[in-house]
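I wanted to go through this model with a few plain lookups and keep a record of each result. These are my notes, in the order in which I worked.

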Amino acid sequence: MPGLAIEIENLTKEYPFGFLHLKKKTSLEGLNMQVETGEVFGFIGPNGAGKSTTIKLLMRLIFPTAGSARILGKPISDVEMHRDIGYLPEQPYFYDYLTAAELLDYFARFHDLTAADRKERVERMLKKVGLETARKIQLRKYSKGMLQRVGLAQAILHDPKIVILDEPMSGLDPVGRREVRDIILELKREGKTVMFSTHILSDAEMLCDRVGVIVGGKLRGVGAPGTLVDMKTQGMEILFELRGTSNAPLLSKATRTGDCYRLQVAEEELYAAIDQLRAAGARILSVAQVKATLEEFFTNLVEADGTHTSAVEVSGK
Amino acid sequence: MRRAGVVALNTFREAVRDRVLYNLVFFALLMMAAAVAVGQISIGIEQTVIVSLGLSAISLIGLLISVFIGVALVSKEMDKRTLHALLANPVRRWEFLLGKFAGLVLTLAVNTAAMALGLLLVMIYVKHSLERSDAVVLVAVYFILLKLALIVALALLFSCFTTPLLAILFTVGFYIVGLYVQELRNLPVEVMSPAMTAFTKGLSYLLPNFENFNVMAMAAHGRAVPGALILQNTVYTVVYCTIVLTAAAAVFSRRNLK
């Protein structure tokens, strides 16, 4: 059984507000979650759900109101633990007077690497994220996508065991997104643990061994994308062709495109529906299980959650 | 400590690339203009005028840099969120603060040294020679640098818990009050209650004493500065900066970044 890379226990973050800071808004409420070693874990939720708050708490950029967390068995207050962590902030911004090579060299200096090792790693990382030709340009001249690449490079520069990425696909074009996906998969092949937050659900479905869904500061579900979706998925879709007209009652529920119809029925009603359609003169083209996407599961949660609005307000604060 | 050094060198690089040292051009032009003017209007008091003007300019330029850049050292990193990626590395928050402080003091030292060199060159031009007693100018410049280090430490402290604008106001306020600490200490006791006297006296010891750093008059007239005062000011700066930076680290280590 793999060990735990990240353990989060009852993590809570409240922000005081008002003139005397007497009122409080809860951004994260009693989060309990584990990320296993070697897995790619997706942390998904709408804007303001508490994803970045959780990551910032793990990185000690903000401090919890209650609860604790451990990374690789060590408390997050241990600064030396950061040798084993790579972190890409959301919408990263770096020292714009530095070039990409200088920035990476600067960060590498905190990891006690020799000058030769630093140089070799900086070159390798720039090549990996496709910035070797822009290595001598100051970051103030970089596009958002290029900054995201520099951010990725600095996150994996020191060969960390755990890589935490906050919205890594944000601001990237389709090619850039695919490159980031490739890097995440490569990290997984190398045995690294990757935790990333996103609200692009197709990326999470494609990359993650497990996902955690957070809405309104509360964790609503953790599991493999398929498992989470199966909990909410029932139904079959029948695609059929029907020329002419028919009075079959099921036709009123079908969606028509020319002579083709698409009809969704419950699994237990499938055979009765097929019999009825065939009796009406329809030709069955295909029958497929309707598998709800992670997006539908996620949307259902968000819509069912009345706290979504307030969570967005907290983020806006 | 090594990590603080890495931050310090990057802070120095930032100052250079942000063209902070361009002020030296202004200083050079001012000194050249002064040298020409002094030759025409002053008879026998060239040294006094040149040294007073030069030291005032060094002090004022340094003051502007230490207040405005000192306050921005931390607040800019928090606002632009450049700190997020940095603190994800094995860097303690106090190491970051110490590095930023050392980086700006290094910048000020280079800047001040360049201006002092310019001042000495103008003195040579005006007097056609330098005497042993002129070394007091270097002592005055050293005292200015000590004063600037204190101001940077204060600016850092204030920027750790308040907005940049308020931090600038607090820093400038402390500097102005610090120039009159001796007066605060010697307020006439007959017009105040004993409690008030004790309060103002206590306050005068808490506030930074910038008065002791001002030896401009002695330098202008070529009078030597006692070695004891040099030692006293050095120790005072080290101790006061240590206390202020410790307080800044205590505040900053618990601060939530946005």
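The entries below cover salt bridges, then one sheet and its helices, then domains and nonpolar cores.

**Entry 1: salt bridges**

I kept in mind throughout that this is a predicted model. My search over all chains of the whole structure returned 33 salt bridges, and I then looked up individual pairs.

I began with Arg17(B) and Glu102(A), which form a salt bridge whose closest N and O atoms are 2.7 Å apart. This pair crosses between chains, since Arg17(B) belongs to helix α1 (residues 2–17) of chain B and Glu102(A) to helix α2 (residues 100–108) of chain A. I asked whether Arg17(B) is buried or exposed, and found a relative accessible area of 28%, which makes Arg17(B) partly exposed. Glu102(A), at 21% relative accessibility, also counts as partly exposed.

Within chain A I looked up Asp117(A) and Arg121(A), a salt bridge with its closest N and O atoms 3.5 Å apart. Both residues lie in helix α3 (residues 115–128) of chain A, 4 residues apart, or about one turn of the helix. I noted that Asp117(A) has 26% relative accessibility and counts as partly exposed, whereas Arg121(A) has 15% and, because the cut-off for buried is under 20%, Arg121(A) counts as buried.

Within chain B I looked up Lys76(B) and Asp18(B), which form a salt bridge with the closest N and O atoms 3.7 Å apart. Lys76(B) is in helix α3 (residues 46–80) of chain B and Asp18(B) is in the loop between α1 and α2 (23–41) of that chain, so the pair ties together parts that are 58 residues apart in sequence. The relative accessible area of Lys76(B) is 34%, which is partly exposed, and Asp18(B) at 33% is partly exposed as well.

I also found a network of salt bridges that links Glu80(A), Arg83(A) and Asp112(A) with Arg2(B), Arg3(B), Arg92(B) and Glu95(B).

**Entry 2: a sheet in chain A and its helices**

Which strand order does the open sheet of 6 strands in chain A have? I read it as β6-β7-β8-β3-β9-β10, with mixed pairing. The edge strands, each paired on one side only, are β6 (85–88) and β10 (218–223) of chain A, and neighbouring strands of this sheet are turned by 15° against each other on average, direction ignored.

I followed β6(A) to strand β7 (residues 162–166) of chain A, with which β6(A) pairs in the parallel sense over 4 bridges; Tyr87(A) has Ile164(A) as its bridge partner in β7(A). Helix α4 (residues 144–156) of chain A lies across β6 and β7 of chain A and runs at about 170° to β6(A). Helix α5 (residues 174–189) of chain A packs on the sheet, where it touches β3 (40–44), β7 and β8 (193–198) of chain A, and its direction makes about 155° with that of β8(A).

**Entry 3: domains and nonpolar cores**

The domain assignment splits chain A into domain 1 (4–230 + 295–316) and domain 2 (236–289), and I noted that the C-alpha centres of these two domains of chain A lie 46 Å apart.

I next looked up the largest nonpolar core, which has 160 residues, with Ile6(A) and Leu55(B) having the most contacts inside it. Helix α6 (residues 135–159) of chain B gives the largest share of this core, 19 residues. Leaving out residues up to four places away in sequence, Leu55(B) touches Leu119(B), Val137(B), Ala140(B), Val141(B), Ile144(B), Met216(B) and Ala219(B). Apart from the largest core lies another core, of 16 residues, including Ile238(A), Leu250(A), Leu251(A) and Val265(A).

Note on methods
Residues numbered from 1 in each chain as written. Chains lettered and ligands numbered in written order. Predicted model: local features only at pLDDT ≥ 70, side-chain atom pairs only at ≥ 80, totals over all residues. Heavy atoms only, no water. Salt bridge = Lys/Arg side-chain N within 4 Å of Asp/Glu carboxyl O. Helix = DSSP H or I, 4+ residues; strand = E, 2+ residues; numbered from the N terminus. Buried < 20%, exposed > 50% of the residue type's maximum accessible area, 1.4 Å probe, protein only. Pairing = 2+ DSSP bridges. Axes fitted to C-alpha atoms, helices over the stretch in contact; angles between N-to-C directions. Contact = heavy atoms within 4.5 Å. Domains from an automatic or database assignment. Core = buried A, V, L, I, M, F, W, Y, C linked by side-chain atoms within 4.5 Å.
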